[in-house]
Amino acid sequence: MRLTVVGCAGSFPSAESAASSYLVEADDAEGRTWRVVLDLGNGALGPLQRYCDPATVDAFAISHLHADHSADLVVLGVYRRYHPAGTGAGTSVPVFGPVGTRGRLAQLAGTDPATDVSGHLDVREWVEGAGVDVGPLRLEPVAVRHPVPAFGIRVIGPAEGDPARRVVLAYSGDTDSCPGLDALAAGADLLLCEAGFLDGRDDAVRGVHLTGRRAGEAAAGGGSARLVLTHLPAWNDSNVTLAQARAAYAGPTELARPGAVYPI
């Protein structure tokens, strides 16, 4: 299993990165590559095409419905509907998301029939505790703490280079500290964790985002083997975020960057 960072900007695309989006790939016993995209925030469909044809993605897993995590689903529908080579024509791709995903996509698409994504995106709602299988990958949604219904996602799949061994990628989505985050981080081989806030600046705002320190505490408390910090707003000093995380977690810690690939 391997993770490619498509976009890691927090809250809005930056000059260097699209908003949140992460490509997870794994090969099955027959050598077929399966692909799942975790979130498809605004601006992400563009860089996703550097790493794969979006029509070859087997499922999209959406943590929550803020635009920086879901907006490009609408243009994905346009891509699948109108591609001149017929890419995606007559087929629909599973899109897993929280309650209200179908309605949110309808709002984003508007009333023009030309942007209708029905028939091209097969929207299914997460049920906490009910995982879904996509080829060799198992996706397990875990409710987390955010102002709207939100999930982190544990992705379980074959280890890169050792397919007989199962490994865990834990993606926080957007969250503050909570039992769900603790469950996500427990035993993760890689914790991909948002850190949109800064200690000392955003202390009065709770229930929305983590700081680097709180992300580090989650990784340390859960025994995660590795921490990658993401959802980094352009107005933050990411080196401060990194230092705050390293003060709380002694394991390998780094900042996500577009195009980075992590074998797991």
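Me: Which exposed residues does the face of H7 turned away from its buried side carry?

Reply: This is a predicted model, so let's read it with that in mind. The general idea is that an α-helix has 3.6 residues a turn, so residues three or four places apart point the same way. Here, the face of H7 turned away from the buried side carries Asn239 and Ala247, both exposed.

Me: And which residues of H7 are buried?

Reply: Helix H7 covers residues 238–248, and in it Thr241, Leu242, Gln244 and Ala245 are buried. Looking down the axis of H7, you'd find these buried residues within an arc of 160°, so they line one face of the helix.

Me: What do the buried residues of H7 pack against?

Reply: They pack against helix H6 (212–222), strand E12 (227–230) and strand E13. You can pick up E13 from one of its residues: Leu255 is found in that strand, which spans residues 253–255. Leave aside the neighbours within four places in sequence, and Leu255 is in contact with Val228, Leu229, Leu232, Ser238, Leu242 and Tyr262. Leu242 is one of the buried residues of H7.

Me: What happens at the start of H7?

Reply: Look at Asp237 there. One of its side-chain oxygens reaches to within 3.0 Å of the backbone nitrogen of Asn239. Asn239 is also one of the exposed residues you asked about at the beginning.

Me: Let's try another helix. Which residues of H4 are buried?

Reply: In H4, which runs over residues 101–109, they are Thr101, Leu105 and Ala109. Down the axis of H4, they fall within an arc of 70°, so again they line one face of the helix.

Me: What covers the buried residues of H4?

Reply: The cover includes helix H3 (73–82), strand E5 (93–97) and strand E6 (121–125). For a close look at the H3 part, try Val74, which has its place in that helix. Val74 counts as buried because its relative accessibility is 10%, and the cut-off for buried is under 20%. Setting aside neighbours within four places in sequence, Val74 is in contact with Leu105, Leu108, Ala109 and Val117.

Me: What follows H4?

Reply: Gly110 does, and its phi is positive, near 80°. Gly110 also gives you a handy way to compare sequence with space: Val74 and Gly110 are 36 residues apart in sequence, and their C-alpha atoms are 9.8 Å apart. For another pair, take Leu255 and Gly221, which are 34 residues apart in sequence and 20 Å apart in space, C-alpha to C-alpha.

Me: How do I read a strand such as E5? How many of its residues are buried?

Reply: Check both sides of the strand. E5 is mostly covered, with 5 of its 5 residues buried. Val93, Val95 and Gly97 point one way, while Pro94 and Phe96 point the other way, and all are buried.

Me: Which way do E5 and its partner strands run, parallel or antiparallel?

Reply: E4 and E5 run parallel, joined by 2 bridges. In that pairing, Phe60 stands opposite Val95 of E5. E5 and E6 also run parallel, with 5 bridges between them, and Pro94 stands opposite Asp122 in E6. From E5 the chain crosses through H4 to E6, and this β-α-β crossover is right-handed.

Me: Now the inside. Which residues have the most contacts inside the largest nonpolar core?

Reply: That core has 30 residues, and Met1, Leu3, Leu38, Val155 and Leu169 are the ones with the most contacts inside it. Several elements give two or more residues to this core, among them strand E1 (2–7), strand E3 (33–40) and strand E10 (162–171). Strand E9 gives the most, with 4 residues. Beyond its neighbours within four places in sequence, Leu169 has contacts that include Met1, Leu3, Leu38 and Val155. There's also a second, separate core of 25 residues, which includes Ile156, Ala185, Leu210 and Ala215.

Me: What about Glu25: is its side chain buried or exposed, and what does it make a polar contact with?

Reply: Glu25 lies in strand E2 (residues 21–27). Glu25 counts as buried because its relative accessible area is 9%. Its side chain makes a polar contact with the side chain of Arg35, at 2.8 Å. Apart from neighbours within four places in sequence, Glu25 is in contact with Met1, Arg2, Thr4, Thr33, Trp34 and Arg35.

How values were computed. Residues are numbered from 1 along each chain as its sequence is written. Side-chain values use heavy atoms; hydrogens and water are left out. Contact means heavy atoms within 4.5 Å. Buried means under 20% relative accessible area, exposed over 50%, partly exposed in between (1.4 Å probe, protein chains only). The arc is that of the directions from the helix axis to the C-beta atoms. A polar contact is a pair of N or O atoms within 3.5 Å; within protein, one must be able to donate a hydrogen and the other to accept it, and residues adjacent in sequence count only if both atoms are side-chain atoms. A nonpolar core is a set of buried Ala, Val, Leu, Ile, Met, Phe, Trp, Tyr and Cys residues joined through side-chain atoms within 4.5 Å. Two strands pair if DSSP finds at least two bridges between them. A crossover is right-handed if, with the strands pointing away from the viewer, the path from the first strand over the helix to the second runs clockwise.
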